Amino acid sequence: MQFDSVPVTRAEQNCSILWCPATHAAAVIDPGGDLDRIECFLEWEQLRLELVLVTHAHPDHAGGAARLATATGARLEGPHRGDEHLVRSLAEQGRRYRLPADDFTPDRWLQDGDEVRFGREALKVLHCPGHSQGHVAYFHPGRRHAFVGDILFRHAIGAWEHADGNLGELVRSIREKLFTLGDDVSFTPGHGETSTFGHERLHNPFIGDEALARWRADRIL
């Protein structure tokens, strides 16, 4: 599998474009907007979009998912049904944050352990609540790479101080779902630079081993 990222929306969200070299079938993760950039990339690489994936239903990640799937005939899958109320309110969220967004009904709601496929490639689905209740991450075992949305960032973690967030769930998602994939696994976050789970486990000031020990000592977790 090959992949690259295109920054979209004024939030500079990392929209990831993945493709199967054998078939030129592609998947797009989190097309929040600026669909012309995504379509230009697909055309330049001579890719056929087969699958649109969403990590969670915030407008900078999911705002353009319905339009891209409709325009290309691609399947639209994800997130987990825990985000259904957010999926149904994308247009309203978009107006609030001044980001074009459309509500949608996915072709498939995803669950932990599901597999999503495009061409000859497959991604494992990990349900990772905490930033939102239906947040999912996608992992490619062969490339040892994950696409984690807004759960984890380089030296930071996702926001939880809102109605759909939960700090305890966020910590468990990172420590028990992501870090257990292996220190060597690299990841693309929803915003900012790539990193590895091993680097974050050692150096992340919010969720690394030392930080977690401090939180537990202070009885925050």
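Me: What phi does Gln46 take just after α1?

Reply: A positive one, about 55 degrees. Bear in mind that this is a predicted model: local features need pLDDT of at least 70, side-chain atom pairs count only at pLDDT 80 or more, and totals for chains, interfaces and linings use all residues. Residues are numbered from 1 along each chain as its sequence is written, and side-chain values use heavy atoms, with hydrogens and water left out. Helix names such as α1 come from DSSP runs of H or I with at least four residues, strand names from runs of E with at least two, numbered from the N terminus.

Me: Which residues of α1 are buried, and what puts them on the same side?

Reply: In α1 (residues 35–44), the buried ones are Leu35, Ile38, Phe41 and Leu42. They span an arc of only 125 degrees around the axis, so they sit on the same side of α1. That arc is taken over the directions from the helix axis to the C-beta atoms. "Buried" here is under 20% relative accessible area, "exposed" is over 50%, and "partly exposed" is in between (1.4 Å probe, protein chains only). Glu43 and Trp44 are exposed residues on the face turned away from the buried side.

Me: What covers the buried residues of α1?

Reply: The cover includes β1 (2–8), β2 (13–19), β3 (25–29), β4 (48–53) and α3 (65–72).

Me: Why does His58 count as buried?

Reply: His58 has 15% relative accessibility, so it falls on the buried side of the cut-off. This residue is in the loop between β4 and α2. Leaving out residues up to four places away in sequence, His58 touches Gly63, Leu86, Leu90, Gln93 and His131, where contact means heavy atoms within 4.5 Å.

Me: What lines the largest pocket, and why is such a space called a pocket and not a cavity?

Reply: His58 is one of the lining residues, along with Arg10, Ala11, Pro59, Asp60, Gln93, Arg96, Tyr97, Leu99, His131, Asp150 and His191. On a 1 Å grid over the protein atoms alone, a pocket is an open set of points with protein on both sides within 12 Å along at least five of seven lines, while in a cavity a 1.4 Å probe fits but cannot get out; lining residues have an atom within 4 Å of a point. The pocket holds about 240 Å³, and α5 gives the most to its lining, with 3 residues.

Me: How many cavities of 30 Å³ or more turn up?

Reply: Just 1 in the whole structure, with about 50 Å³ of space in the largest cavity. Volume here is the space filled by probe spheres set on the grid points, which are joined across faces, edges and corners. Strands β2, β9 (145–149) and β12 (186–189) each give two or more residues to that cavity's lining.

Me: How many disulfides are there, and what rules out Cys20 and Cys128?

Reply: The count is 0, with a disulfide being a pair of cysteine sulfur atoms within 2.5 Å. For Cys20, the closest cysteine sulfur is in Cys15, 19 Å away, so that is too far for a bond. Cys128 also has its closest cysteine sulfur in Cys15, at 19 Å, again too far.

Me: Why are Cys20 and Cys128 called buried?

Reply: Cys20 has a relative accessible area of 1%, so it is buried. Cys128 comes out at 0%, so it is buried too.
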